[in-house]
Amino acid sequence: MFPDVVILAGGLGKRLQSVTGGSQKVLARINDKPFLEILIDYIASQGGTRFILCTGHGGKEVEDYFKDKYQDREIVFSNEDAPLGTGGAIKQGSRHVKTGHFLAMNGDCFCVIDYNQLIAYHQKHKSKATLAVTLMPDARDYGTIEISTSGTIEAFKEKQPENTQAFINTGTYCFERDVFSLVATPAKFSIEYDFFPHLVGRGFYAFEVENRFIDIGTPERYSWAQEHLKQLKG
């Protein structure tokens with residue numbers, strides 16, 4: 001059975017406001033379709049049927065659009081009353097998860113991934129958390145990840161000024177449902193900075209994907225996504 005999917009859909013999207021006009025960025029249109037709808041449809045094409053949307057800023061817009069959108073899949077809303085950060089939002093959303101493990105991801109990012117392979121890899125390694133990574137030829141704009149030969153994550157590094165090839169986070173994860181019991185966290189925290197580093201050495205694996213990573217966080221990247229998602233078949 002395909003696991004539940006938790007999607008972050010509450011970011012402020014300040015850098016994209018010239019495009020969105022202040023609307024929730026996951027609803028930014030890509031060829032007349034909201035970006036989040038493209039992502040959900042792509043996951044559904046591989047078997048996803050139950051989606052938990054973590055909403056905050058622009059939450060009513062997201063709920064109004066998706067609440068009656070589908071007949072063949074369930075949409076659950078996990079709304080934050082105050083900003084919880086990426087980690088706090090996923091942790092709160094995970095309370096709605098019914099499967100033993102679940103996928104979690106950013107609603108403004110897209111990477112062509114075989115989710116079933118990611119899930120199988122996670123289960124094969126009995127991982128508590130598996131992070132989908134991709135090798136970026138020029139990783140200056142991103143924090144980077146060091147991976148052992150066995151596939152475990154060894155370290156996270158801040159952005160480096162040099163033009164170097166390195167693994168980066170695609171914003172897609174597979175978690176065991178009890179993953180948040182491994183590390184004590186406040187209500188508001190970052191999954192990337194306050195949680196992941198504490199999982200190093202505790203059954204934390206990287207799953208490499210070879211495809212281009214897309215995020216629509218800036219007008220330039222949004223424009224790039226407009227062009228490169230045209231051919232996507234979901």
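The following paragraphs describe strand pairing and helix packing in a predicted model. Residues are numbered from 1 along each chain as its sequence is written, and side-chain values use heavy atoms, with hydrogens and water left out. Local features need pLDDT of at least 70, side-chain atom pairs count only at pLDDT 80 or more, and totals for chains, interfaces and linings use all residues.

Strand 4 (residues 50-55) and strand 5 (residues 74-79) run parallel and are joined by six bridges; helices (H or I, at least four residues) and strands (E, at least two) are DSSP runs numbered from the N terminus, and pairing requires at least two DSSP bridges. Phenylalanine 51 has isoleucine 75 in strand 5 as its bridge partner. Between these strands the chain passes through helix 3 (residues 59-66), giving a right-handed β-α-β crossover (clockwise from the first strand over the helix to the second, with the strands pointing away from the viewer).

Helix 3 also packs against helix 2 (residues 35-45), at an angle of about 50° and with the axes 11 Å apart (axes are lines fitted to C-alpha atoms over the stretch in contact, and angles run from 0 to 180 degrees between N-to-C directions). Helix 2 is therefore oblique to helix 3 (angles under 35 degrees count as roughly parallel, over 145 as roughly antiparallel, 65 to 115 as roughly perpendicular and the rest as oblique). Leu36, Glu37 and Ile40 in helix 2 are in contact with Val62, Tyr65 and Phe66 in helix 3 (heavy atoms within 4.5 Å).

Strand 9 (residues 144-147) and strand 10 (residues 153-157) run antiparallel, joined by four bridges. Glutamate 146 lies opposite alanine 155 in strand 10. Five residues separate the two strands of this hairpin, and glycine 151 in the turn has a positive phi of about 100°.
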